[in-house]
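Q: I am new to this structure and would be grateful for a close look at a single part of it. Please take one aromatic residue and describe its surroundings in a connected account.

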Amino acid sequence: ADLVDAVKKWLEPQFRDGIKLIRICDRYAKGYSDFFICVRGQFVVAELKDDVGTASPHQEQFIEEMIACGAIGGVCRTVAEVAALVEEAKKRR
């Protein structure tokens, strides 16, 4: 929860710069990433985990499928790792 709040706080001022956070909470579908971020039209998915957490097979598969479709994605343990995904997306535009 702390990492989720920290990433939201980091992303908030960037909304006006063409970056929008989307959260999808679907208890019936497994594997959706914690954050869907649209970066100037480039799709980013970020699965947030603390120091000891691991992504489930469903989460890993979802990220792999999104990357195969042209998105940027990964498992992130820090705000800096989310920032790196966002920066990668900016470079693609």
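A: The account below follows Tyr 32, its ring partners and the strands around them.

The model is a predicted one. Tyr 32 lies in the loop between strand 1 and strand 2. Its relative accessible area is 33%, and Tyr 32 is therefore partly exposed, since the buried class ends under 20% and the exposed class begins over 50%.

The aromatic partners come next. The structure holds four aromatic pairs. In one of them, the ring centres of Tyr 32 and Phe 36 are 6.2 Å apart and the planes stand at 70°, so this pair is edge-to-face. That label follows because plane angles over 60 degrees count as edge-to-face. Phe 36, at 5% relative accessibility, counts as buried, whereas Tyr 32 is partly exposed.

Tyr 32 also pairs with Phe 62: here the centres lie 5.5 Å apart and the planes meet at 80°, so this arrangement is edge-to-face as well. The pair of Tyr 32 and Phe 62 connects distant parts of the chain, for Phe 62 belongs to helix 2 (residues 57–68) and the two residues are 30 residues apart. Phe 62 has a relative accessible area of 10% and is thus buried. Together with Phe 43, the residues Tyr 32, Phe 36 and Phe 62 form one aromatic cluster.

Tyr 32 takes part in a surface feature too. With Ile 22 and Ile 24, Tyr 32 makes a nonpolar surface patch of about 230 Å². Ile 24 is placed in the loop between strand 1 and strand 2. The relative accessibility of Ile 24 is 36%, so Ile 24 counts as partly exposed.

A further neighbour of Tyr 32 is found in strand 3. Glu 47 is located in that strand, and its relative accessibility of 1% makes Glu 47 buried. Leaving aside residues up to four places away in sequence, Glu 47 touches Tyr 32, Ser 33, Asp 34, Gln 59, Ile 63, Gly 74, Val 75 and Cys 76.

The strands themselves complete the setting. Strand 1 (residues 19–22) and strand 2 run antiparallel and are joined by four bridges. Across this pairing, Lys 20 stands opposite Cys 38 in strand 2. Strand 2 (residues 35–39) is mostly covered, with four of its five residues buried. On to strand 3 (residues 42–48), five bridges lead from strand 2, and these two strands also run antiparallel. Val 39 stands opposite Gln 42 in strand 3. The hairpin of strand 2 and strand 3 has two residues between the strands, and Arg 40 in this hairpin takes a positive phi near 50°.

In summary, Tyr 32 is partly exposed and shares a nonpolar surface patch with Ile 22 and Ile 24. Tyr 32 also belongs to an aromatic cluster with Phe 36, Phe 43 and Phe 62, and Tyr 32 is among the residues touched by Glu 47.

Key:
Residues numbered from 1 in each chain as written. Predicted model: local features only at pLDDT ≥ 70, side-chain atom pairs only at ≥ 80, totals over all residues. Heavy atoms only, no water. Buried < 20%, exposed > 50% of the residue type's maximum accessible area, 1.4 Å probe, protein only. Pairing = 2+ DSSP bridges. Patch = residues over 30% accessible without salt bridge, like charges linked within 9 Å, V, L, I, M, F, W, Y side chains within 5 Å. Areas by Shrake-Rupley, 256 points an atom, 1.4 Å probe, with all protein chains shown as cover. Salt bridge = Lys/Arg side-chain N within 4 Å of Asp/Glu carboxyl O. Phe/Tyr/Trp six-rings, centres within 6.5 Å; stacked < 30°, edge-to-face > 60°. Contact = heavy atoms within 4.5 Å.
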